[in-house]
Amino acid sequence: MGFLQQLQEQIKQIWQKLSKTQKFVVVGGTSLVFLILISYGFILSKPKYEPLYPNLNINDSATIAAKLKDMKIDYKLGSDGTTILVPAAQKYQLRLDLANELPRGGVVGFESFNETRFGETDTDKRIRYLAALQGELTRTIEEMTEVETANVHIVLPETSLFIEDEKPTTASVLLKFKPYANINKSKIKSIINFLSHSVEGLHPENVTIIDVNGNLLSEGVIDDSNLSEIQLSVNQMDIKKRYEEDLAKSLQTMLEKVKGPGRAVVRVSAELNFDQIERSSTEYGNSVLRSEQVKEESFEGTSEGAPPVGAVSNIPDVISYQGTSGGTSNSESSETIRNYEISQVVEHVKKSPGEVARLSVAVIIDGQLSAEEEEVIEDIISKAAGINETRGDSVRISSLPFNTADYAQLQEQMEEALAKEKRMELIKYLVYGLGIIGSLIVVYLFLRRVTTNVRPGTIVPTTIKDINYEEMLQELTPQDNEKIQVQKRIEKIAKTQPDSAAQIIKTWLAEDTR
């Protein structure tokens with residue numbers, strides 16, 4: 001505690017001996033250092049803002065801003081008020097807190113039926129149902145990645161007792177796409193089918209889709225008799241392109257391992273056969289005996305003569321000498337039945353489309369190649385690509401110097417941009433660091449100068465015991481020395497003659513009271 005009091009007293013004495021200019025410099029330098037430190041801390045502690053909900057309409061933005069004000073959350077507006085920015089640390093928590101109160105873009109859905117309205121007629125309910133159905137369909141379509149906003153309008157005709165008087169249900173959709181969105185016919189067809197299956201009695205041909213620029217998007221989407229063939233051709237071209245790119249990439253990667261990156265170019269041209277062939281064939285082989293049946297008969301004996309021809313043979317007791325006489329007879333017969341089985345081969349072949357009909361490969365190597373090197377590379381490419389000369393495949397190897405001027409210039413520009421970005425980042429941190437170091441150096445120099453002016457050529461004592469009074473007396477002016485001598489005599493009188501000193505002090509006090 002004594003040391004702190006001594007230090008405080010020394011600082012007080014030094015401060016009292018400073019001139020106004022020196023005091024101003026010390027206070028200004030110290031304040032500048034503190035101001036720089038506070039500013040740097042404020043910059044580092046400043047919260048980073050991130051979008052809470054981007055691309056909102058004005059009504060939704062106003063609703064969310066009012067809710068954030070009620071929650072006492074700091075926020076900012078960006079993109080002309082369509083984007084709300086909040087501190088990054090609170091972004092996800094706020095999304096959870098606002099999930100149930102998130103605006104629906106001014107669209108009313110089936111939540112409108114959560115409240116009961118007294119005195120509502122059937123016509124009113126029908127109108128509310130139609131509005132809610134349109135709102136729900138709008139929300140669903142807006143969930144698509146390419147769609148920014150959507151408006152759905154449905155016409156539900158009144159039911160009729162007569163079939164010929166019934167009118168079809170129709171629907172119209174207005175779409176606004178996001179910038180650079182890629183929308184194709186298949187996605188438009190998906191929207192049409194989605195609407196036709198969501199609205200009772202709505203047929204796909206009764207759905208019309210347009211964009212904000214007035215382009216009719218649904219034309220020719222449903223009546224797609226030739227669409228399948230066109231799509232098939234597109235798919236075949238895509239398969240051909242991917243096959244060529246994959247094979248070329250594989251061959252080029254192999255060559256770059258030998259010649260170095262960027263020193264080989266490979267291009268492949270393939271003819272693919274997409275004809276789907278189904279063939280059935282039956283082949284018959286040699287006959288094979290399956291079964292055999294043999295039948296043999298023989299007869300030997302005497303036979304009676306045959307009776308006469310005519311009426312005589314029918315009259316009894318009449319002797320006739322006509323007819324044939326009996327005799328001895330022999331007979332033999334043989335019958336053989338053989339069944340043969342014919343071998344039969346039935347083959348059903350279905351040839352898948354996409355067979356390579358012809359393949360051409362072109363290779364360019366940077367620099368010059370010898371005949372032997374070209375022969376080796378051609379052999380390697382032929383085996384790697386599966387070249388078949390019988391079907392007309394070909395390989396061509398060429399060696400030409402590449403023009404790398406543009407590539408080198410682009411590479412140099414990229415390196416310069418990257419180096420510049422790194423320099424700017426380094427300069428930013430150097431400025432912060434140098435600012436702090438410079439402020440500390442300025443304060444140090446000021447304090448050193450002040451202490452030098454107070455005691456030139458000497459060191460400021462840290463304690464009272466270190467003070468050399470004789471040196472101090474030599475540095476004082478004659479007037480100061482005289483005052484010190486008077487003070488010493490007074491102290492001596494007070495020590496040796498305390499009664500006289502007390503009387504003198506009383507006299508001084510009495511004079512002052514007068």
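## Starting with one aspartate

Is aspartate 366 buried or exposed? In this predicted model, aspartate 366 is buried, at a relative accessible area of 18%. That figure earns the label because buried here means under 20% relative accessible area.

As for where to look, aspartate 366 belongs to strand E10, which covers residues 355–366. Leaving aside residues up to four places away in sequence, aspartate 366 touches Arg263, Leu400, Pro401 and Phe402. With phenylalanine 402 there is a polar detail to pick out: a polar atom of the aspartate 366 side chain sits 2.9 Å from the backbone nitrogen of phenylalanine 402.

## The chain as a whole

Stepping back, the chain has 514 residues, and 19% of them count as buried. Aspartate 366 is one of the buried residues. The chain carries twelve helices and eleven strands.

Take the contacts between residues at least 6 apart in sequence: 70% of those join residues at least 24 apart. On the outside, the chain exposes about 39,200 Å², with carbon and sulfur atoms supplying 55% of that area.

## The E1-E3-E2 sheet

Now for the sheets, beginning with the one that contains E1. Here three strands make an open, antiparallel sheet, ordered E1-E3-E2. Strand E1 (49–53) and strand E2 (76–78) are the edge strands, and each of them pairs on one side only. On average, neighbouring strands in this sheet are turned by 45° against each other, direction ignored.

E2 and strand E3 (residues 83–87) run antiparallel and are joined by three bridges. If you want a spot to zoom in on, try leucine 77, which stands opposite isoleucine 84 in E3. There is a helix to add to the picture as well: helix H3 (residues 58–70) lies across E1, E2 and E3, and runs at about 25° to E3.

## The E4-E5-E6 sheet

Another open sheet is built from three strands in the order E4-E5-E6, this one with mixed pairing. Strand E4 (147–155) and strand E6 (202–211) each have a single partner strand, so each has one side left without a neighbour in the sheet. The average turn between neighbouring strands of this sheet is 20°, again with direction ignored.

Eight bridges hold the pairing of E4 with strand E5 (residues 169–177), and the sense is antiparallel. For a single pair to find on screen, go to valine 155: its bridge partner in E5 is threonine 170.

## Helices on that sheet

Which strands does helix H5 touch? Helix H5 (residues 122–142) packs on the sheet and touches E4 and E5, with its direction making about 150° with that of E4. Helix H6 (residues 185–198) lies across E4, E5 and E6, and runs at about 135° to E6.

Helix H5 also holds arginine 139. Arginine 139 is buried, with a relative accessible area of 12%, and that is under the 20% cut-off for the term. The side chain of arginine 139 makes a polar contact of 3.3 Å with the side chain of glutamate 136.

Notes: Residues numbered from 1 in each chain as written. Predicted model: local features only at pLDDT ≥ 70, side-chain atom pairs only at ≥ 80, totals over all residues. Heavy atoms only, no water. Helix = DSSP H or I, 4+ residues; strand = E, 2+ residues; numbered from the N terminus. Buried < 20%, exposed > 50% of the residue type's maximum accessible area, 1.4 Å probe, protein only. Polar contact = N/O pair within 3.5 Å; in protein donor to acceptor, adjacent residues only side chain to side chain. Contact = heavy atoms within 4.5 Å. Pairing = 2+ DSSP bridges. Axes fitted to C-alpha atoms, helices over the stretch in contact; angles between N-to-C directions. Areas by Shrake-Rupley, 256 points an atom, 1.4 Å probe, with all protein chains shown as cover.
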